[in-house]
Amino acid sequence: MWAICFVDLEENSETPFIKYEVGNGRDIFVCLDNWYSMLSLEKRVGTRIVYDAVSNLQAKLSDFIREGRWYFPPPISHELQMVQANLPVISSGTVDRVVWTLHNSGKYTSSTAKEAFREHRDQVAWRNLVWFKGYIPKYALILWMVCKGKLLTRDKLKRWGCINDDICVLCGSVSESLDHLFFQCGFAKSLWTVVKWRNGITRSNSNWEEEAVNAIKEAKGGSFEARIRSLAIAATVYLIWQERNSRIFKDARHNWEYVLDRVNESIKDASWNWRAERNYRNWTLCKHWGLYDQIILVYYRLGSERFCCFLGYCSL
Ligand SMILES: [Zn+2]
């Protein structure tokens, strides 16, 4: 179980959790193990090039070490030339050592492994919320920065000495932190109340951490409903940020209802050709957001266009 998870983590991680320190080279596969610059040679230069160099993908490093020194054949490509110019130091007279990179001691600990799993799982969850099928790049970028806590809100700018006043420009009452601006501010709360209702979500507003966990759950999967929900979240976050910037840099103010209309327009524009599955939840979602094109599509599939017209949601 752990081994399978590690394979998955290693495949998707930018930094491997396990690397090798070279001793006699008898336990390290040249091609597959992480002994060279935190990567396997296969990942670094490609299987073809490694095969051309060593002729055997099962070869061990010991085949290329003699008396504590590297003994590779002359390089036959630029990539191999670079590899051979930067080979790691051999710990002569010792066996190979496996190093757990997540702990300073190099030894495996279950706590660091659990933490790595948790972070990996969270990263995947964020990615699904931000980069769903049909995402809008500029919305995704701002939402991603909010998820990572990287947006330069006024409380941070004040701490760094860039500005003297960090009061939220949307409500003018308290310091502008990320949590306040997007979730606790009266302006944002009014928006989220309607956005959530239109998304078919009835729970009340909360802080950023809880909202984030719930948003990830509610936007899970690639269904029409999940995509509309994700789009609504991304559009709301982006347009709150834009309204904040508009007030600071352009001295132009709009109320939350105006921003809500723009969220709605964004959803209509982005989703006009998305295909909704036939079900009542999608029909309700389309109705709430005024997505008439999708309502027509939903009921055309049912052969119920007359029912659709009867309800007054299309112009047939
Ligand atoms: Zn505020």
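Here is a short chat about the helices and nonpolar cores of this predicted model.

Visitor: What share of the 316 residues is buried?
Guide: Let's start with the overall build: the protein has 15 helices and four strands. Being buried takes 20 or more other C-beta atoms within 10 Å of a residue's own. The share of the 316 residues that makes the cut is 28%.

Visitor: Which helix gives the most to the largest nonpolar core?
Guide: That core has 41 residues, and Leu-143, Ala-235 and Val-237 have the most contacts inside it. Several helices supply at least two residues each, including H5 (110–130), H6, H12 (256–271) and H13 (280–289). The one giving the most, with eleven residues, is H11.

Visitor: With neighbours within four places in sequence left aside, which residues is Ala-235 in contact with?
Guide: Contact here means C-beta atoms within 7 Å. Leaving aside those neighbours, the partners of Ala-235 are Tyr-139, Val-263, Ser-266 and Ile-267.

Visitor: Why do the buried residues of H6 line one face of the helix?
Guide: H6 covers residues 137–147, and its buried residues are Tyr-139, Ile-142, Leu-143, Val-146 and Cys-147. An α-helix has 3.6 residues a turn, so residues three or four places apart point the same way. On the face turned away from the buried side sit the exposed Pro-137 and Lys-138. Looking down the axis of H6, the buried residues line one face because they fall within an arc of 145 degrees.

Visitor: What phi does Gly-149 take?
Guide: Gly-149 comes just after H6. Its phi is positive, at about 70 degrees.

Notes. Residues numbered from 1 in each chain as written. Predicted model: local features only at pLDDT ≥ 70, side-chain atom pairs only at ≥ 80, totals over all residues. Buried ≥ 20, exposed ≤ 12 C-beta atoms within 10 Å, placed from the backbone. Arc of directions from axis to C-beta. Core = buried A, V, L, I, M, F, W, Y, C linked by C-beta atoms within 7 Å. Contact = placed C-beta atoms within 7 Å.
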